[in-house]
Amino acid sequence: MYLTKEVKEDIFKKHGGSEKNTGSAEGQIALFTHRISHLTEHLKRNRKDFNTERSLVKLVGKRRSLLDYLKKKDIERYRAIVKELGLRK
C-alpha cells in the first residue's frame, strides 16, 4: 500500500504542524498532492484505467478548491504551500 499510516503522519507533521492536525488546509493539500502523484504514475503505466482517471480529476478539483480557499483566507500561507510543494499556479 502506498499510503501507510506512517506516511500520512509524516505528511501532516511536515505540512500541518503535527500528525494529529489532519484538518489543516496545508496538510490536506499536501496529502492530495501525494495521492495525485501516485495516481499519475499509475496512469502512465495503465492508460485505459478510466476509473482511476476520473478519481484523479476529482482529486485535482478538491485540491484546487482548497488552494482557492487558502488564497482567499491567507495569501501568505497559500504562497508558502505552493512554493513548498512546487505546484503551478
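Residues are taken as buried under 20% relative accessible area, as exposed over 50%, and as partly exposed in between. Arg64, with a relative accessible area of 32%, is therefore partly exposed. This assignment, like those that follow, rests on a predicted model.

The protein contains 4 helices and 0 strands, and its elements run α-α-α-α from the N terminus on. The C-alpha trace spans about 40 × 30 × 20 Å along its principal axes. Of the 89 residues in the protein, 30% are buried. Among contacts with a separation of 6 or more, 46% are accounted for by residues 24 or more positions apart.

The largest nonpolar core consists of 8 residues, namely Ala25, Ile29, Leu67, Leu70, Tyr78, Ile81, Val82 and Leu87. Two or more residues are given to this core by each of helix 2 (25-45), helix 3 (50-73) and helix 4 (75-85). Helix 4 supplies the largest share, 3 residues. Another core, of 6 residues, lies apart from the largest one and includes Phe32, Leu43, Leu56 and Leu59.

Helix 3 and helix 4 pack with their axes coming within 5 Å and crossing at roughly 140°. Helix 3 is therefore oblique to helix 4, because only angles over 145 degrees count as roughly antiparallel. On the side of helix 3, the residues that meet helix 4 are Arg64, Leu67, Leu70, Lys71 and Lys73. Their counterparts in helix 4 are Ile75, Arg77, Tyr78, Ile81 and Val82. Of these residues, Leu67, Leu70, Tyr78, Ile81 and Val82 also belong to the largest nonpolar core.

The structure holds 5 salt bridges. One of them joins Arg77 and Glu26, with the closest N and O atoms 2.5 Å apart. This pair links distant parts of the chain, since Arg77 lies in helix 4 and Glu26 in helix 2, 51 residues apart. The two partners differ in accessibility: Arg77 is partly exposed at 36% relative accessibility, whereas Glu26 has a relative accessible area of 13% and is therefore buried. Arg77 is also one of the helix 4 residues that meet helix 3.

Two further salt bridges are each formed within a single helix. In helix 3, Asp68 pairs with Arg64, the closest N and O atoms being 3.3 Å apart. These residues are 4 positions apart, about one turn of the helix. Asp68, with a relative accessible area of 39%, is partly exposed, as is Arg64 at 32%. Arg64 additionally takes part in the meeting of helix 3 with helix 4. In helix 4, the side chains of Arg79 and Glu76 form a salt bridge at 3.2 Å, N to O. Arg79 and Glu76 are 3 residues apart, about one turn of the helix. The relative accessible area of Arg79 is 47%, and this residue is therefore partly exposed.

Thr52 is located in helix 3. At 13% relative accessibility, Thr52 is buried. The side chain of Thr52 is joined to that of Asp49 by a polar contact of 2.7 Å. When neighbours within four places in sequence are left aside, Thr52 is in contact with Leu39, His42 and Leu43. Leu43 is also among the residues of the 6-residue core.

Note on methods. Residues are numbered from 1 along each chain as its sequence is written. This is a predicted model: local features need pLDDT of at least 70, side-chain atom pairs count only at pLDDT 80 or more; totals for chains, interfaces and linings use all residues. Side-chain values use heavy atoms; hydrogens and water are left out. A nonpolar core is a set of buried Ala, Val, Leu, Ile, Met, Phe, Trp, Tyr and Cys residues joined through side-chain atoms within 4.5 Å. Buried means under 20% relative accessible area, exposed over 50%, partly exposed in between (1.4 Å probe, protein chains only). A salt bridge is a side-chain nitrogen of Lys or Arg within 4 Å of a carboxyl oxygen of Asp or Glu. A polar contact is a pair of N or O atoms within 3.5 Å; within protein, one must be able to donate a hydrogen and the other to accept it, and residues adjacent in sequence count only if both atoms are side-chain atoms. Contact means heavy atoms within 4.5 Å. Axes are lines fitted to C-alpha atoms, for helices over the stretch in contact, and angles run from 0 to 180 degrees between N-to-C directions. Angles under 35 degrees count as roughly parallel, over 145 as roughly antiparallel, 65 to 115 as roughly perpendicular and the rest as oblique.
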